[in-house]
Amino acid sequence: KSVVLNFANTTNKRVKYVFEPEPGLLFARHTGYRRSNGEVLAYLDDDVIVGKNWINGITETFSDNNVKIAGGPSFPSYECPPPYWLESLWSSNGFSRQCYYLSLIDQGKEIIEVDPTTIWGLNYSIRKDTLKELGGFHPDCTPNEIQYLQGDGETGLSLKAMEKKMKTIYHPEISVKHVIPRNRLK
């Protein structure tokens, strides 16, 4: 709380601190949804650094009222040099390259319509009314004692969007760097 309030007091940015007592990423995302005033929700993980044109990419993408979900690449920001074997964890389908284990994805340098399941939670933007229409995120990252209730996070939401053929855009400017700590490279 003190970090957020200090930031709010030292910048001219509009910042609102909202506390969510229930542990778990998606409880926090739903609280953000309920407390937001905007038409577009932009979700990020706490271990990403947004690209310099991130907000411009989101603004441009959602200027098309038919776009319901958007995201972009997540590039690595390694804490230490990656081991040689990490390359074996990457996959490619010819135009897209991804490393699921580290939530890294690059679908190229063009703005393209994509399958909603290729927009991942660490960099996920959605219209507020679309999130409501699709029923929100299913519980994810639940405490160990209720792990059996874990849902499918943004994947379930994206599968519903795909079923409804909702327009989803990959925009290369909606980019983030995902900080990969040393302990994830072992």
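In this predicted model, the lining of the largest pocket draws at least two residues from each of four elements, namely helix 2 (25–35), strand 1 (40–44), strand 2 (48–50) and helix 3 (54–61). Among the contributors to this lining, helix 2 holds the largest share, with six residues. The volume of the largest pocket is about 940 Å³, and of the 23 residues that line it, Leu41, Ala42, Tyr43, Leu44 and Trp54 are the closest to its centre. When the lining of the largest pocket is divided by residue class, 15 residues are nonpolar, four are polar and four are charged.

The second largest pocket has a volume of about 800 Å³, and its lining is formed by 16 residues, with Val4, Arg14, Val15, Lys16 and Tyr17 lying nearest the centre. Two elements, helix 1 (2–10) and helix 2, give two or more residues to the lining of this second pocket, and the largest share, three residues, is that of helix 1. The class composition of the lining of the second largest pocket is seven nonpolar, four polar and five charged residues.

Val4, Val15 and Tyr17, which are among the residues nearest the centre of the second largest pocket, also belong to a nonpolar surface patch of about 490 Å², which is completed by Leu5, Phe7 and Phe19. Within this patch, Phe19 is placed in the loop between helix 1 and helix 2, and Phe19 counts as exposed because its relative accessibility is 56%, where the cut-off for exposed residues is over 50%.

Four salt bridges are present in the structure. One of them joins Asp45 to Arg29, with the closest N and O atoms 3.0 Å apart; this pair connects distant parts of the chain, since Asp45 lies in the loop between strand 1 and strand 2 whereas Arg29 lies in helix 2, 16 residues apart. The two partners fall into separate accessibility classes, as Asp45 is partly exposed at 24% relative accessibility, while Arg29 counts as buried because its relative accessibility is 4%, with buried meaning under 20%.

A further salt bridge is formed between Asp64 and Lys167, for which the closest N and O atoms are 2.8 Å apart. Because Asp64 is located in the loop between helix 3 and strand 3 and Lys167 in strand 10 (residues 167–170), this pair ties together parts that are 103 residues apart in sequence. Asp64 is partly exposed, at a relative accessible area of 26%, and Lys167 is likewise partly exposed, at 23%.

Another contact between parts of the chain that are distant in sequence involves Lys68 and Thr168, which are 100 residues apart in sequence but 6.0 Å apart in space, C-alpha to C-alpha. Lys68 is situated in strand 3 (residues 67–71), and with a relative accessibility of 24% Lys68 counts as partly exposed.

The salt bridge between Glu87 and Arg97 has its closest N and O atoms 3.0 Å apart. This pair also links distant parts of the chain, with Glu87 in the loop between strand 4 (74–78) and strand 5 (91–92) and Arg97 in strand 6 (residues 97–99), ten residues apart. Glu87 counts as partly exposed at 45% relative accessibility, and Arg97 is also partly exposed, at 35%.

Definitions and conventions
Residues are numbered from 1 along each chain as its sequence is written. This is a predicted model: local features need pLDDT of at least 70, side-chain atom pairs count only at pLDDT 80 or more; totals for chains, interfaces and linings use all residues. Side-chain values use heavy atoms; hydrogens and water are left out. On a 1 Å grid over the protein atoms alone, a cavity is a set of points where a 1.4 Å probe fits but cannot get out, and a pocket is an open set with protein on both sides within 12 Å along at least five of seven lines; lining residues have an atom within 4 Å of a point. Grid points are joined across faces, edges and corners, and a volume is the space filled by probe spheres set on the points. Ala, Val, Leu, Ile, Met, Phe, Trp, Tyr, Cys and Pro count as nonpolar, Asp, Glu, Lys and Arg as charged, and the others, Gly among them, as polar. Patches are made of residues with over 30% relative accessible area and no salt bridge: like charges are joined within 9 Å, nonpolar side chains (Val, Leu, Ile, Met, Phe, Trp, Tyr) within 5 Å. Accessible areas come from the Shrake-Rupley method with a 1.4 Å probe; for residues, only the protein chains shown count as cover. A salt bridge is a side-chain nitrogen of Lys or Arg within 4 Å of a carboxyl oxygen of Asp or Glu. Buried means under 20% relative accessible area, exposed over 50%, partly exposed in between (1.4 Å probe, protein chains only).
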